[in-house]
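Trainee: I would like to go through this protein before setting up any calculations. Where should we begin?

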Amino acid sequence: MTERLRVAVLAGGPSAEHEVSLQSAQAVLDALPRDLYEPVAVIIDRQGGWPVELRRDVADVVFPALHGPFGEDGVVQGHLETLGIPYVGCGVLASALAMDKVAMRRAFLAEDIPVTPHVWFTEHEWRTTTDHWGLVKSLDWPMYVKPANMGSSIGISRVTSMAELRAGVDLALTHDRVVVVEQGVTAREVICGVLGGHDTPDASVPGELIAPGDWLDYEAKYLSQVEIATIPAVLPERVAEDVRELALHVFRAIGGYGMSRVDFLYEEDTGRLYVGEINTMPGFTSRSVYARAWAASGVPYPELLRRLIDLAFARSGS
């Protein structure tokens, strides 16, 4: 019998997405084919403490099922690089770019990737100005206020007045010192999964997110039992193909590797597609739209995990 590969699945961590990460990691641990892999759960506590020191004699490969700062922004990826242990997902630079909504949009604009109008400012700029409207006056209501470095809809507010804007910025600043404010648009929320290496990645069938309210917040994503996605999305064939092509363009623009989920806004009236963001470690819970999109594309969950692990070894040359 071939010796099984030890897969260390990292979970938890000090970010606000600790609980979501635990859910993702458990789903990965449950689905790893036991004939090929020996799962090793590594639960990082909220202070960033590790229960075990990772070494090649502890794990053959690492699956960092971590979301948000520390786990998805290149920090853990850099640590794994220094240890010389193969790991699933994007590398240091792509992870850092995708986590920072300001840097990410700069990369998109440099590659002529369409994004919605937006502004950004620091906590110092917000606290020292007497003209808050002046910071966002190029945008119209409604606006979406977001911390620059956070995911899972944490710290995000939809605002329609100056009072709501101030409250939204205060909330965002509890998570980061930089705030991004985006122009709201009337559009359908579409996602597309990307899987593969630097040179020949593949795009999944698109899916559509279904917001029970004005937008898909943390509670709807992770706490509600209401269905939040239609997969595949019901889209004109041309639009679906444009989504897939643009997802691959976005993936290459940040130097993606392994996997990512690209989020779009599709304006039916104008036919325009905007890229909202690229997520380099999308959720792997049982409700994960990334996994479901690949299942609808003919890649079931266990096979998806196997491909990602194979890609980790391919990058490291192991």
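**Confidence, cavities and one strand residue**

Mentor: Begin with the cavities, keeping in mind that this is a predicted model. The structure holds 2 cavities of 30 Å³ or more.

Trainee: What is the average pLDDT of the protein?

Mentor: Of the residues, 92% score at least 70. Over residues 220-224, however, the pLDDT is below 50, although this stretch has 14 contacts in the model beyond near neighbours in sequence. Where pLDDT is low, the predicted coordinates should not be read in detail. For the protein, the average pLDDT is 92.

Trainee: How many charged residues are in the lining of the second largest cavity?

Mentor: That cavity, the second largest, has a volume of about 30 Å³. Its lining consists of Pro64, Gln77, Val88, Gly89, Cys90, Ser95, Thr280 and Met281. By class, 4 are nonpolar and 4 polar, and the number of charged residues is none.

Trainee: Is Ile43 buried, partly exposed or exposed?

Mentor: Ile43 lies in strand S2, which spans residues 37-44. Buried requires under 20% relative accessible area and exposed over 50%. Because the value for Ile43 is 42%, this residue is partly exposed.

Trainee: Which residues is Ile43 in contact with, leaving aside its neighbours within four places in sequence?

Mentor: Ala8 is 35 residues from Ile43 in sequence, and their C-alpha atoms are 9.9 Å apart in space. Contact needs heavy atoms within 4.5 Å. With the neighbours within four places in sequence left aside, Ile43 is in contact with Ala11, Leu22, Gly49 and Pro51.

Note on methods:
Residues numbered from 1 in each chain as written. Predicted model: local features only at pLDDT ≥ 70, side-chain atom pairs only at ≥ 80, totals over all residues. Heavy atoms only, no water. pLDDT = per-residue confidence, 0-100. 1 Å grid on protein atoms, 1.4 Å probe; cavity = no way out; pocket = protein on both sides within 12 Å on 5 of 7 lines; lining within 4 Å. Points joined across faces, edges and corners; volume = space filled by probe spheres on them. Nonpolar A, V, L, I, M, F, W, Y, C, P; charged D, E, K, R; others polar. Helix = DSSP H or I, 4+ residues; strand = E, 2+ residues; numbered from the N terminus. Buried < 20%, exposed > 50% of the residue type's maximum accessible area, 1.4 Å probe, protein only.
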